[in-house]
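Please consider the model shown below alongside the paragraphs that follow. They move from individual residues to the packed interior and then to the pocket and the loops.

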Amino acid sequence: FPQNTEALAKALLLGDDSDLDYKTDIAFKLSGIRHIIAVSGLHVAMLYSVLRVAALNRRWLTALLGYPLLCLFALAAGFTPSVTRACIMVGLMMAAQQIDRQYDSPTALAFAGLVMLLENPLVITSISFQMSFACVTGIQLFDARISAWLTAKLGSPKGKGFHSRIKRWFITSVSISLSAIVLTTPISAYYFGTVSLVGVLSNLLTLWAVSLSFYGIVLALFLSLFWHSGAVFIAKLASIAMEYVTGIAGFLSK
């Protein structure tokens, strides 16, 4: 990766922000997108998307590759509470697909919490644990309601045209962002003494680019095993998305 995006690439993939410069770190905090460089359920979800594509959307192959990959990723991330929670939930989802059972997100969330508390009851005092569970609970409680309200105001986004796709993306992005911060905002205010008022806008403008960056990082590292020039090319493309994210964060933080 180019020198100006190498530190961010490492932070996005592994949550290692030790090489990230102070200015960028503060910009992410003030703009409300600091969570993108703290490996969380978002990164596990993106990793699962890559896995589904690599497994050609076959359920048995997804599970065969998925369980060791999730364990390896959680190990690399240091088994942080947010990653552990997400890996357990994705593991349950893959298990449900294998035995043709309906996956129930609230039940999976409760099961993940139970497993983690049985392993270490003091994990409940972790800010990462509280923020992760509050975020997912907020999405489960409010996402559908906010999405329905936005659909009623903006009209149904059904259809395959460009306008419908943009409307779907906007409704989904806003509803998830708003529902995720309903319960996490009080926790953030209590622990960090600050709340970003542009957080929803920041997430709306950057999360798509964060996803592209993450996929590009994974692809570049995979290609680097056997095709160096191809890996460098993909890394440069991913760097464009990362520079966009950094630029938006810097602008909105002001």
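**A guided reading of the predicted model**

Apart from its neighbours within four places in sequence, S105 is in contact with M89 and Q140. The model in which these contacts occur is a predicted one. S105 itself belongs to helix α6, which spans residues 105-119. With a relative accessible area of 24%, S105 is partly exposed, because the buried class requires a value under 20%. Over a longer range, S105 and K23 are 82 residues apart along the chain, and their C-alpha atoms are separated by 38 Å.

A second serine offers a useful counterpart. S82 is placed in helix α5, and at 8% relative accessibility it counts as buried. When neighbours within four places in sequence are left aside, the contacts of S82 are V39, S40, G41, S128 and S132.

The discussion now turns to the nonpolar interior. Which residues touch the most other members of the largest nonpolar core? Of its 36 residues, these are L12, F28, I36, I37, V44 and V83. Two or more residues of this core come from each of α1, α2 (22-31), α3, α4, α5 (81-98), α9 and α10 (228-252). Among these elements, α1 gives the most, with six residues. The surroundings of V44 illustrate the packing: beyond its neighbours within four places in sequence, V44 is in contact with L70, F73, V83, A86, C87 and V90. There is also a second, separate core, made up of ten residues, and M89, A112, F129 and F133 are included in it. M89 has already appeared as one of the contacts of S105.

The second largest pocket may be examined next. Its volume is about 540 Å³. The lining of this pocket consists of 20 residues, and those nearest its centre are L47, V50, L69, V218 and F222. The elements that each supply two or more residues to the lining are α1 (3-14), α3 (41-54), α4 (59-76) and α9 (199-223). What is the chemical character of the residues in the lining of the second largest pocket? The lining comprises 19 nonpolar residues and one polar residue, with no charged residue.

Aromatic side chains provide a further level of detail. The count of aromatic pairs comes to five. In one of them, the ring centres of W208 and Y244 are 5.2 Å apart and the ring planes stand at 45°, so the pair is classed as tilted. Because W208 lies in helix α9 and Y244 in helix α10, the pair ties together parts that are 36 residues apart in sequence. How accessible are the two partners, W208 and Y244? W208 is partly exposed at 41% relative accessibility, and Y244 is likewise partly exposed, with a relative accessible area of 29%.

Several residues outside the helices also merit attention. N57 has a positive phi of about 65° although it is not a glycine. This residue is found in the loop between α3 and α4, and its relative accessibility of 49% places N57 in the partly exposed class. F79, also not a glycine, has a positive phi of about 50°. The location of F79 is the loop between α4 and α5. At a relative accessible area of 48%, F79 is partly exposed.

In the loop between α1 and α2 lies D16, which counts as partly exposed at 30% relative accessibility. Not counting residues up to four places away in sequence, D16 touches A7, K10 and A11. D16 and F233 are 217 residues apart in sequence, and the distance between their C-alpha atoms is 23 Å.

The account closes beyond the last of the helices named here. K254 is found in the segment after α10. Is K254 buried or exposed? Its relative accessibility is 87%, and K254 therefore counts as exposed, since that class requires a value over 50%. K254 and F133 are 121 residues apart along the chain, with their C-alpha atoms separated by 30 Å. F133 is also one of the residues included in the second, separate core.

Definitions and conventions:
Residues are numbered from 1 along each chain as its sequence is written. This is a predicted model: local features need pLDDT of at least 70, side-chain atom pairs count only at pLDDT 80 or more; totals for chains, interfaces and linings use all residues. Side-chain values use heavy atoms; hydrogens and water are left out. On a 1 Å grid over the protein atoms alone, a cavity is a set of points where a 1.4 Å probe fits but cannot get out, and a pocket is an open set with protein on both sides within 12 Å along at least five of seven lines; lining residues have an atom within 4 Å of a point. Grid points are joined across faces, edges and corners, and a volume is the space filled by probe spheres set on the points. Helices (H or I, at least four residues) and strands (E, at least two) are DSSP runs, numbered from the N terminus. Ala, Val, Leu, Ile, Met, Phe, Trp, Tyr, Cys and Pro count as nonpolar, Asp, Glu, Lys and Arg as charged, and the others, Gly among them, as polar. A nonpolar core is a set of buried Ala, Val, Leu, Ile, Met, Phe, Trp, Tyr and Cys residues joined through side-chain atoms within 4.5 Å. Buried means under 20% relative accessible area, exposed over 50%, partly exposed in between (1.4 Å probe, protein chains only). Contact means heavy atoms within 4.5 Å. Rings of Phe, Tyr and Trp (its six-membered ring) pair if their centres lie within 6.5 Å; planes under 30 degrees apart count as stacked, over 60 as edge-to-face and the rest as tilted.
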